[in-house]
Amino acid sequence: MGEEKEVMSHVISNPFFEVKVPETLHQIGQDSWFQVGLVLTTTVNCAYALGYAGTIMVPLGWIGGVTGMVWSTIISLYASTLMAKIHQYGEKRHIRYRDLAGFMYGYRAYVIVWGLQYANLFLINIGFIILGGQALKAFYVLFREDHEMKLPYFIIIAGLACVLFAVSVPHLSALGVWMAVSTFLSIVYFSIAFALCLKDGINAPPRDYSIPGSSSSRAFTTIGAAASLVFVYNTGMIPEIQATVRAPVVDNMLKALYFQFTIGVVPVHAVTYMGYWAYGSKSSSYLLYNVSGPVWLRGLANIAAFFQSIITLHIFASPTYEYLDTKYRISGSVLAFRNLSFRTVVRGGYLAITIFLSALLPFLGDFMSFTGAISTIPLTFILPNHMYIVAMRKQISSLQKSWHWFNILFFSCIAVAALVASVRLIAMDSKTYHAFADL
């Protein structure tokens, strides 16, 4: 992409705080709203969605599950638009979440948001590698039942594939045609899953839709499912994604968000409800474990889910890659030896840690709840509402401020409750499954 640029740092112009913000070496402001909409839609329609029948609908049932999915769609769109509207707060474009937090609140908030966001993205990446391994294992057992290959082996293979992709694609805007590939892969596994669930549901006897577990355990699983609902539609990196869209940045980002939350959410809702209708309380955390049908069709769905997970992981890992590339001044030709070797060693090292932890504790549903509790809820609902109050304090009424404060308090309570429930779930699964378990 031309000659290497010098990394510069500047002090943000807020008169009350001083935070050094480095200029990025990644591509900024070049993508159409449609490409950004595809990026957002890819994060929603990732293969994680094949687990929502088991991780959301089973603990909540028909009424709670459908209501929760619809409510989460609406409130997630609302919170995302709040973040999009303050992208240029203070007449400055904030290309990172932490930059915006630092501009508004100072250095301490800059560091806290940085930590929260990177913990969020790291845990999401762990989930994607586990998911890729599960999809690959599901493909394998369709053709061989010798059980010689365990889940940790497939997780390692999935992780290595992610490393190759990370080395090949330098930044978020460079995904380009891969967005079309990702969309096609999503259509493949969603279509197959929907059709096979429909077939199984028609041919199956009456299903049990009761919520499993005792009263006390149901309370915890309900809270955990609520945290998973938050995870469904949100990335925790709206500013980083908005940084790639061309001007006018607010209008174009709003178009991308409306695309995501209208057309983009249809497959998730359809497959989730169809899966739960077909299998009831027996719906698994990976729907393709439930379906029956031609082996080649199920194999195709699993392979599509595997490859789509690789692409989606790259989206969630891109803020980490941007930080490392900017810090070590990695720019210029994608094929330059220094750039290739850096991406291989540094991104490969980051993913190696992710692979190890994925194989060590492959409890996918638990990570969704835990991630939602500690970082997704604060980054997606709590902070955007407070930031909007700060940014628009002179334009909004006292009633509007009260509404935003209500959201802050409500989602803070949800985050605390979800954290307790997710830790309990992880502790229980740690007793049930050993390290490097073959789930």
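These legends go with a few close-up views of a predicted model. Residues are numbered from 1 along each chain as its sequence is written. Local features need pLDDT of at least 70 and side-chain atom pairs pLDDT 80 or more, while totals for chains, interfaces and linings use all residues, and side-chain values use heavy atoms, leaving out hydrogens and water.

**View 1. The whole chain, with its 14 helices and two strands.** Both kinds of element are DSSP runs numbered from the N terminus (helices: H or I, at least four residues; strands: E, at least two). Of the 439 residues, 57% come out as buried, meaning under 20% relative accessible area with a 1.4 Å probe, protein chains only.

**View 2. Helix H11, residues 295-327.** With 33 residues at 1.5 Å each, H11 should span 48 Å (1.5 Å times one less than the number of residues), and its end C-alpha atoms are indeed 48 Å apart. Look for the bend of about 50° at Ala 317, with Pro 319 following within four residues; the bend is the angle between axes fitted to the seven residues ending there and the seven starting there. Since 26 of its 33 residues are buried, H11 is largely enclosed by the rest of the structure. After H11 comes Arg 329, with a positive phi near 60°.

**View 3. The largest nonpolar core, 114 residues.** Such a core is a set of buried Ala, Val, Leu, Ile, Met, Phe, Trp, Tyr and Cys residues joined through side-chain atoms within 4.5 Å. Leu 50, Ile 86 and Met 387 touch the most other members. Helix H4 (residues 107-141) gives the most to this core, 14 residues.

Terms used: Buried < 20%, exposed > 50% of the residue type's maximum accessible area, 1.4 Å probe, protein only.
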